[in-house]
Amino acid sequence: MSGSAKPANRVLFLVLKLRAVLMLVLLLAMFTALSPTFLTANNLSILAKHVAISALLAVGMTFVVLTGGIDLSVGSIAGLSGIVAGLLITGVAVGGVVHFLPIWLVVLLALLVGALVGACNGLLVARFSVTPFIATLGTLYIARGTALLLSGGHTFPNLAGVAAHGNMGFPALGQSFAMGVPTPVWMTLVIAAIAAVVAARTPFGRHIYAVGGNERAARLAGIRTARVKGVTYVISGACAALVGLIIAAQLESAHPATGESFELNAIAAVVLGGTSLMGGRGSIGGSLIGAMVIGVLADGLVMLGVSEFWQIVIKGVVIVLAVAVDQLQSRVQFRFLTTLFAGKAEVAQ
Amino acid sequence: MSDDLILETRGILKQYPGLTALNRVDYRVRRNAVNVLIGENGAGKSTLMRILAGVEAPDSGEILLNGSAISLRSPREAAAHGIAIVHQELAVLPNLDLAENVFAGRELTRSALIDRTTEDRRTVSALLRLGKPMEAKTPAAALSLGRRQLVELARSLAHGASLLILDEPTSALSLAEAETLFGVLAELKAGGMTIIYISHRLHELLHLGDHFTVLRSGCVVGEGARGEVDRKWIVERMSGKAYGELSACAGATVGESLLSIRDLCVAPMRDDEAALQGLSVELRRGEILGVYGLLGSGRTELMETLAGARRMTSGTVTLQGKRLRLKDVASTVEAGMVLVPEDRQRDGLIPELSIRENIALSSMGGVLIDRKRQAAETEKLARELSIAAPDLERPITALSGGNQQKALLARCLMRSPMVLLLDEPTRGVDVGAKEEIYRILRRLAGDGLSIVFTSSEIEETRMLATRTLVLCQGRIAAELTAAETTDEALFSAASPHVVQTRDGVEVTV
């Protein structure tokens, strides 16, 4: 009675586990073959910038989804943080005198606003037991409405800053390069790396998985489940705020409608990356791959000249398939692990 | 406070809507001993233990540890005082591996990162101490119930608990696994551990216990040391009756065959469920058939399948010669077979509705509800089952556990079924109401209703069943007449027999 999982099972398990990677490779190969300009440095740089934005949202979203929650407010938070930055760079009038803040403070405040909205989400979900879907749907509207109120519905143009005000340099956040790679891509990579370590190697990360796996059991084990859930929404909010800043910096302007339906892209990336919407299973790395799949798919279809309407349909099909396969994986995984480990546990005697 | 007490509670009061779970309980726990806590379902044992584990807070009263008052507002605080609990419903995180489970909430870190190496080492050594070496990276989902429990024990050991609470630890274990556990407990006691042990199995308690405390309806009704305590002492205090009164029910007269189950097979839906493998049984009119088995034996699965809440893979079920497809609950109820589910709060009651509406819930047909007729019918049933409520328009939550259970019974009876299925008919019901429910069920059987019930309580199975079916790992292990139904017979039939093969592998036969 040794732990010999059937080879067919083992192959199926691997294919399912690595499905996002396989999908990415397949898409890259397909678009390279079909479009001569796809695999050029210029296009890859643009692609990387697109991916960086949805990946950043997906990283924050992954933490939330791992606890079994969801964050619909990220797109609105991105819009709000851009507006906050726009407002502060354009100048704030206090007692008839217009004040200008240094860029580092502008960025910090905009991130804090995002974290604050996230904290509201966390409070609603963890303390007042509001369903995550409803709580973040509410803050989705509140954040978007606040962005419109602050801007009066208008765009803040010319965010390059003025030397005399000492607030130049904001666009660099979205437009500069380091070692030939766009700064936003670097930021996403660094943040994703930190997030991956936090998720996999720290007590906080393990608590997230525990809460998602069985919240009651986690609480009985002495884990502060409310705090764990709350913090994940703060992380997601801060990531979303950074996305808003990057977009505003890239465009050198802030528009109150920025980020609409971004939350759906982020959720799609997380799910494609193999994170279960029920919580407890998934990884940051998976979400990165998921974001890449979505980004490559979108850009590739544009380059092939596929109609915009078809693009939307195809994206929907891919997401639905991904979730269906996810269900299949959890069943196969259970069978596989049972055969693999049940044997070992017995033999160990 | 004398020195041999490690923990003492004074005047612990805990009330739930419609139920006083603990009524000023003074409970004493002796140091370095196995403290047995006994009581029927609903006596308040689990509530008391949840309070000691910091999961629930008492309404009033104090807890003294080594003579000084402590507060236990969270599992974390309880753990800091060295109190660890292995819950009746195991609190294992299925998506994490063993080391992650053992250190959940108390991770070991080195420079802010988890120290996996040390966690693995200490997990393996704790499991080794429990006599069941397993790999630290085994996912918890791949373990049997018995092994999951060992993981919880390992968790307590790894965190240096000095007071270990075990709430019905053997309800899920086979005889062999239970024997292993007893060995482990003896060793832990020798190592200075204090143990609080809760179980329904009298022979197990008498074998293990050093000190005994009996709870009844939220009060301590007896304390005794090993030597003063025997089976009679326990049963009398648990039930509040002299030993002789607790006779099994008289052999009822049973009629012709009503329900016939042939080669019933059901696949498990989750990893902790049993597969039913070829069950065949006849049920006669007016018969009360008990189904006894350990957790994971398939008893709940059998009840749910018969109720139509679970698909069977093969086999036939015929009621009065008519074959039932058991496709869904509605058509099974239509055919004359109804289930009173085990978990009243979760699967039974609709708390927002009145007592009347709860009773009439399954019997609302047609286009408009005939309120007058419905009221008359519910009134009649409520009287027959003596549901103690001044007014049936009151919310169902105003009733005590026993009366809620009777209301559910009334709901099923309103459909005038031929077969009544009861999953744990007296769970969370106080002793008086229990007796009453038994009387009602016997009367119904006398009127020609056939009843199938499962119970984890031996006394209940003995008192109620005219015939008992013992399940073990999804098969019928024994069929006992009322006279044959004894503790020993039930246990030995319900336990899988485990043998070791030459290469040391455990095989169940």
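The legends below describe close-up views of a predicted model with chains A and B.

Residues are numbered from 1 along each chain as its sequence is written, and chains are lettered from A and ligands numbered from 1 in the order in which they are written. In this predicted model, local features need pLDDT of at least 70 and side-chain atom pairs count only at pLDDT 80 or more, whereas totals for chains, interfaces and linings use all residues.

**View 1. Confidence in the complex and in chain B.**
The predictor assigns the complex an ipTM of 0.77 and a pTM of 0.74. For chain B the average pLDDT (the predictor's confidence in each residue, from 0 to 100) is 82, and 89% of the residues score at least 70. Residues 246-250 of chain B have pLDDT below 50, and this stretch makes 12 contacts beyond near neighbours in sequence; two residues are in contact if their C-beta atoms, placed from the backbone, lie within 7 Å. Residues 499-509 of chain B also stay under 50, with 16 contacts beyond four places in sequence.

**View 2. Overall form of chain A.**
Chain A contains 14 helices and four strands; these are DSSP runs numbered from the N terminus, with helices being H or I of at least four residues and strands E of at least two. The C-alpha trace of chain A spans about 80 × 55 × 35 Å along its principal axes. Its radius of gyration is 22 Å, which agrees with the value near 20 Å for a compact globule of 349 residues; the radius is taken over C-alpha atoms, and the globule rule is 2.2 Å times the number of residues to the power 0.38. Of the 349 residues of chain A, 48% are buried, where buried stands for 20 or more other C-beta atoms within 10 Å of the residue's own, exposed for 12 or fewer and partly exposed for values in between, with C-beta atoms placed from the backbone. Among contacts in chain A with a separation of 6 or more, 79% join residues 24 or more positions apart.

**View 3. The nonpolar cores and helix 11 of chain A.**
The largest nonpolar core (a set of buried Ala, Val, Leu, Ile, Met, Phe, Trp, Tyr and Cys residues joined through C-beta atoms within 7 Å) has 168 residues, and A:Leu57, A:Ala241 and B:Ile165 have the most contacts inside it. Helix 11 (residues 225-251) of chain A gives the most to this core, with 16 residues. Leaving aside neighbours within four places in sequence, the contacts of A:Ala241 include A:Ile77, A:Ala110 and A:Gly114. A second, separate core has 72 residues, among them B:Val266, B:Leu349, B:Leu420 and B:Ala482.

**View 4. A:Val234 and its surroundings.**
A:Val234 is found in helix 11 of chain A and counts as buried because 21 C-beta neighbours lie inside 10 Å. Beyond its neighbours within four places in sequence, A:Val234 contacts A:Ala115, A:Gly118, A:Ala119 and A:Gly122. The C-alpha atoms of A:Val234 and A:Gly60 are separated by 8.7 Å, although the residues are 174 apart along the chain.

**View 5. Helix 9 of chain A.**
In helix 9 (residues 203-213) of chain A, 10 of the 11 residues are buried. Among them are A:Arg206, A:His207 and A:Tyr209.

**View 6. The six-stranded sheet of chain B.**
Six strands of chain B form an open sheet of mixed pairing in the order 6-9-10-3-11-12; two strands pair if DSSP finds at least two bridges between them. Strand 6 (83-86) and strand 12 (219-225) of chain B stand at the edges with a single partner strand each, so one side of each has no neighbour in the sheet. The twist averages 20° from one strand to the next, with axes fitted to C-alpha atoms, for helices over the stretch in contact, and angles running from 0 to 180 degrees between N-to-C directions. Strand 6 runs parallel to strand 9 (residues 163-167) of chain B, and four bridges join the two. Across this pairing, B:Ile83 stands opposite B:Leu163, and B:Ala84 has B:Leu164 as its bridge partner. B:Ile83 and B:Ile85 point one way from strand 6 of chain B, B:Ala84 and B:Val86 the other way, and all are buried. Helix 1 (residues 45-52) of chain B lies across strands 3, 6, 9, 10 and 11 of chain B, at about 150° to strand 9. Helix 8 (residues 231-239) of chain B packs on the sheet, touching strands 3, 11 and 12, and makes about 25° with strand 11.
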